[in-house]
Amino acid sequence: MRYIFSIMMLLSSVFATAQISRYAPSAVRVGVDPGTFLYQIFSQKRNFFEVEGDMDIDNFFLVADLGISSITIDEPTFRYENNGTYRRFGVDVNLMKNDPDLNVAFFGFRHGHANFNDNLDFDTRAVIQSNTKWPNTTETTSNNQARANWFELNTGLRIRIVKQLYLGFTVRYKLFLSVKGTEDLKPYYIPGFGKNIGTSAAGFNYYISYRLPFRKKIVYTDTKNDKTAVEKSKVKP
Amino acid sequence: MKQLIGFFTFIFLILILFSSCKNEDCVSSANNYLLVTFLNVDTLENGSISIKGKDTTFYSVTAIGNDLEFYTKALKKDTLKLPVNPAADQTTFQLVMIDSIRYDTLANNPVVLDTIYYLHPKPHVISVSYERKFRVITESCGMEISYHNLAADTITFPSAALITDYLSRFNTTNIEVYF
């Protein structure tokens, strides 16, 4: 009886050690969307800066995106401005969990949240479908501290280019948008979501990422007996 | 690996196609016309009620405080489209009704002068308040103001009713005036 108890204790400690080694975070990856620099060069309307980070836990990633955004639409008869911040949190599932280069192809979901202010200045004669006999005046309307929430389905790739540097993209299908805190102005743009035309939208981001490993990640090459058949990833910490 | 990349490229192209099909038309159902319909209510011999549009003659239709005249003299209509002020949350209209018009022709050879008489002018007021909602439709299309929660603050006609509390370009009557 005493031997049986000792063997059970030994097995449980081995199992617990294996669990910790497998599911303990092995690395974080931090990246930026280089599209921000293209917008700053080519677009007078939109500016944004987005940072993405994820934590590698076995074949899952805990993901967080943070961004700031501003957009200015300056037309002859109206001017719309929108400034805000956004964040997304979620989980990705790696479909290439046994890749020795730690390349990633993933599906995942996110919850997105934006805080923003927007402002609309317009000439009343420019309002469509309206009688223009009234004298033209310039009106202003705005939202302060408006909020938006949405969900995203994501898919994408992260491909190792050299050492710990990765290039990739994320395709987003954003849905179930809800906007709160607005008054008389319907926001035309939601930071992190895009144009507020419907409750869903598609999006796309490029990322340049750098992986910061805590330890060597164990890649299981034999899924039938993955406790014994393991090899270390080619990517050195 | 190549299959995975091909798979995600396919997904990417599908989503780009999806996003490019997003409806961004220049469509607005809102306008700033308050539709006022004048109706003649009669009780027929069999007891049923007959409601018909009543052609009503107006000397003038103006917006109080702005000196805007929306309809010119001697207009005969059973429905008026009164544009509310897009820069305010309330608009007051003055409608001067007349019974009839009498023309007197004076032969003053070689010129014929017509003298027009507007008989029994009766001024009435319709004052409405509303909430305005603003929206940029598209960058190229411009913006719209939609008018909601319409309330009839003052109607000096003896009998009237608010029918629809929003303004629409689909010719929806907002206020009915009964005679």
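**Exercise 1.** In this predicted model, identify the residue of β7(A) that stands opposite Ala148(A), and characterise the pairing of β6(A) with strand β7 of chain A.

*Solution.*
Step 1. The residue facing Ala148(A) across the pairing is Val179(A), in β7(A).
Step 2. Strand β7 covers residues 165-180 and pairs with β6(A) in the antiparallel sense, over 14 bridges.
Step 3. The two strands form a hairpin with two residues between them. In its turn, Lys163(A) has a positive phi of about 45°.

**Exercise 2.** Determine how many bridges join strand β5 to strand β6 of chain A, and which residue of β6(A) stands opposite Asp118(A).

*Solution.*
Step 1. Strand β5 spans residues 104-123 and strand β6 spans residues 138-162; they run antiparallel and are joined by 19 bridges.
Step 2. Within β6(A), Asn143(A) is the residue opposite Asp118(A).

**Exercise 3.** State how many bridges join β7(A) to β11(A), and name the bridge partner of Thr170(A) in β11(A).

*Solution.*
Step 1. β7(A) and β11(A) run antiparallel, with 10 bridges between them.
Step 2. Thr170(A) has Asn205(A) as its bridge partner in β11(A).

**Exercise 4.** Establish the strand order of the closed barrel in chain A, and describe which strands helix α2 of chain A touches.

*Solution.*
Step 1. The barrel has eight strands, in the order β1-β2-β3-β4-β5-β6-β7-β11, with antiparallel pairing.
Step 2. From one strand to the next, the twist averages 25°.
Step 3. Helix α2 (residues 35-42) packs on the sheet and touches β2 (46-57) and β11 (201-213) of chain A. The direction of the helix makes about 175° with that of β2(A).

Technical notes. Residues are numbered from 1 along each chain as its sequence is written. Chains are lettered from A and ligands numbered from 1 in the order in which they are written. This is a predicted model: local features need pLDDT of at least 70, side-chain atom pairs count only at pLDDT 80 or more; totals for chains, interfaces and linings use all residues. Two strands pair if DSSP finds at least two bridges between them. Helices (H or I, at least four residues) and strands (E, at least two) are DSSP runs, numbered from the N terminus. Axes are lines fitted to C-alpha atoms, for helices over the stretch in contact, and angles run from 0 to 180 degrees between N-to-C directions. Two residues are in contact if their C-beta atoms, placed from the backbone, lie within 7 Å.
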